[in-house]
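Here's a walk through one protein model, from the sheet outwards to the odd bits of backbone. Keep the viewer open as you read.

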Amino acid sequence: MKLSVAMCTFNGEQHIEKQLLSILKQTIAIDEIIICDDGSNDKTIQIIEKLQVQYPTIISLYKNQVNLGSNKNFEKAISICSGDYIFLSDQDDIWKDYKVEKTIQFFNENKSMEGVFSNADLINDEDKNFTKNSLWDTVFFMENELQKPIDLCSFIVSIKNIVTGATLCFKKEIKSSIFPFPVAPNFYHDEWIAIFLASRKKLGYITDHLISYRIHDKQQTSIDYNLPKPV
């Protein structure tokens, strides 16, 4: 079993080292981290290359000659991944040490599933939890209140995308089916992959908070974390 991470970077110097170190210290080791940088002009490249010296067989860095944008950049990173399972990763979050272990456990217990996503804590620039709300709360995915089994496809299409790419992992077998990513305004790679998997009833979820999802001013998509605190 080979495990891959597909990561896209762009001017992520503030948090990229913490994120990479959190991936590298998993209780089940990642075999390769494929990083596609989309033209960073800060210290992102230098930070990655420094870690490459320590982990030359794990970290691979690809520098785009032109800015592809997040959708096409993730398509590129995923296409390069050679693992049996592919984890998507943002450049600024922090993985819990057991994220990979819990994910592989899910797949071992649910053989028919092709993808899985999870819940997450919310942290700020100082790595602090600043709210009792979770990532799922921000997208109104109240899993414990919904009738089971949940029709994830219907929820995503008719209500809101609940699958944040930073929490998503899928099997390599779907790569040929999800490419190329569609081009549409405000339609992102994670929603496309989620719809594909959920429409086939091959998408599962883990209620554990497997990452700390960072909220900051520079992120591409914003979420509303100023919600009533869960009871």
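Phe 87 stands opposite Cys 169 in strand E7, so let's begin right there, bearing in mind that the model is predicted. Strands E4 and E7 (residues 169-171) pair in the antiparallel sense, with three bridges between them. On another pairing of E4, strand E1 (residues 3-9) runs parallel to E4 and is joined to it by five bridges. Leu 3 is the residue that faces Tyr 85 of E4 there.

How many of the residues of strand E4 are buried? Five of the five, residues 85-89, so the strand is largely enclosed by the rest of the structure. The side chains split in two directions: Tyr 85, Phe 87 and Ser 89 point one way, while Ile 86 and Leu 88 point the other way, and all are buried.

**The whole sheet**

Zooming out, E4 belongs to an open sheet of eight strands, in the order E3-E2-E1-E4-E7-E6-E8-E5, with mixed pairing. Strand E3 (59-63) and strand E5 (94-95) are the edge strands, each pairing on one side only. E5 is held to E8 by two bridges and runs antiparallel to E8; Ile 94 sits opposite Ser 212 of E8. E8 also pairs with strand E6 (residues 115-123), this time in the parallel sense and over nine bridges. Within that pairing, Asn 119 has His 209 of E8 as its bridge partner. As a general reminder, strands of a sheet pair through backbone hydrogen bonds, either parallel or antiparallel.

**A helix on the sheet**

Helix H2 (residues 44-54) packs on the sheet, where it touches E1, strand E2 (32-37) and E3, and its direction makes about 150 degrees with that of E3. Which residues of H2 are buried? They are Thr 44, Ile 45, Ile 47, Ile 48 and Leu 51. Looking down the axis of H2, these buried residues fall within an arc of 165 degrees, so they line one face of the helix. The general background is handy here: an α-helix has 3.6 residues a turn, so residues three or four places apart point the same way. The cover over the buried residues of H2 includes E1, helix H1 (16-24), E2 and E3.

**Aromatic company**

There are eleven aromatic pairs in the model. One of them is Trp 136 with Phe 141, an edge-to-face pair at 4.8 Å centre to centre and 70 degrees between the planes. Are these two buried or exposed? Trp 136 counts as buried at 4% relative accessibility, and Phe 141 is buried too, with a relative accessible area of 1%.

Trp 136 has another ring partner: the centre of Tyr 205 is 5.8 Å away and the planes are at 80 degrees, so this pair is edge-to-face as well. Trp 136 lies in helix H5 (residues 135-138) and Tyr 205 in strand E8 (residues 203-214), so the pair ties together parts that are 69 residues apart in sequence. Tyr 205 counts as partly exposed, at 22% relative accessibility; the cut-off for buried is under 20%. Put the rings together and you get one aromatic cluster, formed by Phe 117, Trp 136, Phe 141, Phe 155 and Tyr 205.

Elsewhere, a ring has a charge for company: Lys 99 lies over the face of Trp 95, at 4.8 Å from the ring centre.

**Backbone oddities**

In general, most residues other than glycine have a negative phi, and most peptide bonds are trans. Here are the spots to check against that.

| Site | Feature | Value |
|---|---|---|
| Lys 148 to Pro 149 | cis peptide bond | omega near -5 degrees |
| Phe 179 to Pro 180 | cis peptide bond | omega about -10 degrees |
| Phe 140 | positive phi | near 60 degrees |
| Asn 186 | positive phi | near 55 degrees |

Where do these sit? Pro 149 is in the loop between H5 and helix H6 (152-158), and Phe 140 lies in the loop between H5 and H6. Pro 180 is found in the loop between helix H7 (175-178) and helix H8 (189-199), and Asn 186 has its place in the loop between H7 and H8. As for accessibility, Phe 140 is partly exposed with a relative accessible area of 49%, whereas Asn 186 is exposed at 66%.

Methods
Residues numbered from 1 in each chain as written. Heavy atoms only, no water. Buried < 20%, exposed > 50% of the residue type's maximum accessible area, 1.4 Å probe, protein only. Helix = DSSP H or I, 4+ residues; strand = E, 2+ residues; numbered from the N terminus. Pairing = 2+ DSSP bridges. Phe/Tyr/Trp six-rings, centres within 6.5 Å; stacked < 30°, edge-to-face > 60°. Lys NZ or Arg CZ within 6 Å of the ring centre and 35° of its normal. Contact = heavy atoms within 4.5 Å. Axes fitted to C-alpha atoms, helices over the stretch in contact; angles between N-to-C directions. Arc of directions from axis to C-beta.
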